[in-house]
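Visitor: I'd like a close look at a single part of this model, please. Pick one helix and walk me through what it packs against and how its charged side chains pair up.

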Amino acid sequence: MSVVTDLIEARDLVRRGWTQHQLHKYPRLGYDSYCMIGAMVEVTGADKYDAYYTRRSSRLFDAKGAVEAVLPHSGGGIASYNDYPLRTKNEVLAVFDRAIAEARAVQTRRWQSQFTPQIVT
């Protein structure tokens with residue numbers, strides 16, 4: 001799976017159900033709810049402890065890096081952004097949209113660089 005695919009799937013989980021102050025919330029009825037990090041943990045198959053403590057999951061590390069790169073600078077990371085009391089689900093989805101767009105651009109640049117002639121001097 002690519003970072004783009006992981007981000008799209010994580011965004012879809014958050015779109016169906018978003019929560020704050022916990023990775024994953026199990027409802028009695030309906031969809032589960034995820035915070036930004038919880039959704040990325042879910043789609044990458046990482047262990048929930050990887051979310052904060054280790055780099056064991058490179059897919060999770062890459063997805064989090066893509067989101068962190070586009071976060072508005074508010075003095076905190078992904079969890080602080082997600083859990084801000086006045087944060088809305090639409091703002092969270094917009095961050096995923098920016099991360100997806102940037103990850104696609106990076107993929108395109110990498111793909112194009114494979115076919116760019118190298119000039120040797």
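Guide: Let's start with a term: buried means under 20% relative accessible area, exposed means over 50%, and partly exposed is whatever falls in between, using a 1.4 Å probe and protein chains only. On that scale, 36% of the protein's 121 residues are buried. Keep in mind that this is a predicted model, where local features need pLDDT of at least 70 and side-chain atom pairs count only at pLDDT 80 or more, while totals for chains, interfaces and linings use all residues. Residues are numbered from 1 along each chain as its sequence is written, and side-chain values use heavy atoms, with hydrogens and water left out.

The protein has 5 helices and 2 strands, in the order α-β-β-α-α-α-α along the sequence; these are DSSP runs numbered from the N terminus, H or I with at least four residues for a helix, E with at least two for a strand. My pick is H1, which covers residues 3-16. H1 has 14 residues and spans 20 Å from first C-alpha to last, close to the expected 20 Å, where the expectation is 1.5 Å times one less than the number of residues. Its buried residues are Val4, Asp6, Leu7, Ala10, Leu13 and Val14.

Now for a packing partner. The axes of H1 and H3 (residues 58-68) come within 9 Å and cross at roughly 75°. That makes the two helices roughly perpendicular, a label for angles of 65 to 115 degrees, with under 35 being roughly parallel, over 145 roughly antiparallel and the rest oblique. The axes are lines fitted to C-alpha atoms over the stretch in contact, and angles run from 0 to 180 degrees between N-to-C directions. On the H1 side, Val3, Asp6 and Leu7 meet Arg59, Asp62, Ala63, Ala66 and Val67 of H3, where contact means heavy atoms within 4.5 Å. Sorted by class, that contact has 5 nonpolar, no polar and 3 charged residues. The nonpolar class is Ala, Val, Leu, Ile, Met, Phe, Trp, Tyr, Cys and Pro, the charged one is Asp, Glu, Lys and Arg, and the others, Gly among them, are polar.

One of those nonpolar residues, Val67, sits in H3 and counts as buried at 0% relative accessibility. Setting aside neighbours within four places in sequence, Val67 touches Leu7, Met36, Met40, Ile78, Val95, Phe96 and Ala99.

On to the charges. A salt bridge here is a side-chain nitrogen of Lys or Arg within 4 Å of a carboxyl oxygen of Asp or Glu, and the count comes to 5. Asp6 bridges to Arg59, with the closest N and O atoms 2.7 Å apart. Asp6 is in H1 and Arg59 in H3, so this pair ties together parts that are 53 residues apart in sequence. Asp6 is buried at 2% relative accessibility, whereas Arg59 is partly exposed at 29%.

Further along H1, Asp12 and Arg16 form a salt bridge at 3.3 Å, N to O. They are 4 residues apart, about one turn of the helix. An α-helix has 3.6 residues a turn, so residues three or four places apart point the same way. Asp12 is partly exposed at 27%, as is Arg16 at 33%.

Away from H1, Arg87 and Glu91 also form a salt bridge, closest N and O atoms 3.3 Å apart. Back in our helix, salt bridges with shared partners join Asp12, Arg15 and Arg16 into one network.
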